[in-house]
Amino acid sequence: MNDLISRFNDNSLYRAMGIEITAIDRVGSQARLIPNPDLCWPFEGQPHGGVLFTLIDTAMAVAVIGAKGLDCSSATISLNIQYTARAKEAPFLCSTRVMHSTKNMCFVEGKIADATEQVVAMAHGTFKIVHLG
């Protein structure tokens, strides 16, 4: 899985935002966000909600690939996010878990916590499995 982690972490969008995938296994993934200061608005050090959305969407998509295998990719069908607290203290840690999967779909949940372990966002997502082989 280390090659897969490296492949995702080489993505220029994720690097620009400050997103790093830190773990992938058959049941979920973990990612960390140290936000680019240019993406913190309206308060210094507080990433815009869209940055948190991208973090959790990315980590969920990676979890699907970890669960289904390297011969597939994933596409977000639906992602419902709830922002539960102000995102004040980096780094932000995202953990995800694949809750159920079929041949062509995965259902994933995730959360983001700040450096004080305060949960700042929770989400549920539905992902289409794209078979590459």
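Reader: Which residue in β5 is the bridge partner of Ser101?
Author: Cys106 is the partner of Ser101. This is a predicted model, so take each value as computed from predicted coordinates.

Reader: How many bridges does the β4 and β5 pair have, and in which sense do the strands pair?
Author: There are 8 bridges between β4 and β5, and the sense is antiparallel. The two strands are joined by a hairpin, with 3 residues linking them.

Reader: What about β5 and β6, how many bridges there?
Author: β5 and β6 run antiparallel as well, and 9 bridges join them. Two of the partners in β6 can be named: Thr126 is across from Phe107, and Ala121 is the bridge partner of Ile112.

Reader: How many residues sit between β5 and β6 in their hairpin?
Author: That hairpin has 5 residues between its strands, and Glu117 is in the turn.

Reader: Is Glu117 buried or exposed?
Author: Exposed: the relative accessible area of Glu117 is 70%, and the cut-off for exposed is over 50%. Its backbone is worth a look too, as Glu117 has a positive phi of about 75 degrees without being a glycine.

Reader: Why point that out?
Author: Because most residues other than glycine have a negative phi, and most peptide bonds are trans.

Reader: Fine, peptide bonds then. Which residues does a cis bond join, with omega about 15 degrees?
Author: Trp41 and Pro42 are joined by that cis peptide bond. Pro42 is found in the loop between β2 and α3, where β2 covers residues 28–33.

Reader: And which bond has omega near 5 degrees?
Author: The one from Ala90 to Pro91, which is cis. Pro91 belongs to the loop that runs between β3 and β4.

Reader: Changing topic: what is the volume of the largest pocket?
Author: About 150 Å³. Two elements each give two or more residues to its lining, namely β4 (92–101) and β5 (105–113).

Reader: Which residues line the largest pocket?
Author: Pro91, which follows that cis bond, is one of the lining residues, together with Leu93, Cys94, Ser95, Lys111, Ile112, Ala113, Asp114, Ala115, Glu117 and Val119.

Reader: How does the lining divide into nonpolar, polar and charged?
Author: The split is 7 nonpolar, 1 polar and 3 charged residues.

Reader: Ile112 keeps coming up. What does Ile112 touch?
Author: Leaving out residues up to four places away in sequence, Ile112 touches Leu52, Leu55 and Ile56, then Phe92, Leu93 and Cys94, and finally Gln118, Val119, Val120 and Ala121. In the largest nonpolar core, which has 37 residues, Ile112 and Ile56 touch the most other members.

Reader: Which helix gives the most residues to that core?
Author: Helix α3, residues 49–68, gives the most to the core, with 12 residues.

Reader: Staying with that helix, what is Asp57 in contact with?
Author: Asp57, a residue of α3, is in contact with Thr76, Leu79 and Phe127, setting aside neighbours within four places in sequence. Its C-alpha is 9.7 Å from that of Ser78, and the two residues are 21 apart in sequence.

Reader: Leu79 is one of those contacts. Which residue in β6 is the bridge partner of Leu79?
Author: Gly125. The strands involved are β3 (residues 72–83) and β6 (residues 119–131), which pair in the antiparallel sense over 11 bridges.

Reader: What about β1, which strand does β1 pair with?
Author: β1, residues 19–24, pairs with β2 over 5 bridges, in the antiparallel sense. One of the bridges has Ile19 as the partner of Leu33 in β2. A hairpin of 3 residues joins β1 to β2.

Reader: And how many bridges join β2 to β4?
Author: There are 6, and β2 and β4 run antiparallel. Gly28 has Arg97 in β4 as its bridge partner.

Reader: Last one, a general point: how do side chains sit along a regular strand?
Author: They alternate between the two faces of the sheet.

Technical notes
Residues are numbered from 1 along each chain as its sequence is written. This is a predicted model: local features need pLDDT of at least 70, side-chain atom pairs count only at pLDDT 80 or more; totals for chains, interfaces and linings use all residues. Side-chain values use heavy atoms; hydrogens and water are left out. On a 1 Å grid over the protein atoms alone, a cavity is a set of points where a 1.4 Å probe fits but cannot get out, and a pocket is an open set with protein on both sides within 12 Å along at least five of seven lines; lining residues have an atom within 4 Å of a point. Grid points are joined across faces, edges and corners, and a volume is the space filled by probe spheres set on the points. Helices (H or I, at least four residues) and strands (E, at least two) are DSSP runs, numbered from the N terminus. Ala, Val, Leu, Ile, Met, Phe, Trp, Tyr, Cys and Pro count as nonpolar, Asp, Glu, Lys and Arg as charged, and the others, Gly among them, as polar. Two strands pair if DSSP finds at least two bridges between them. A nonpolar core is a set of buried Ala, Val, Leu, Ile, Met, Phe, Trp, Tyr and Cys residues joined through side-chain atoms within 4.5 Å. Buried means under 20% relative accessible area, exposed over 50%, partly exposed in between (1.4 Å probe, protein chains only). Contact means heavy atoms within 4.5 Å.
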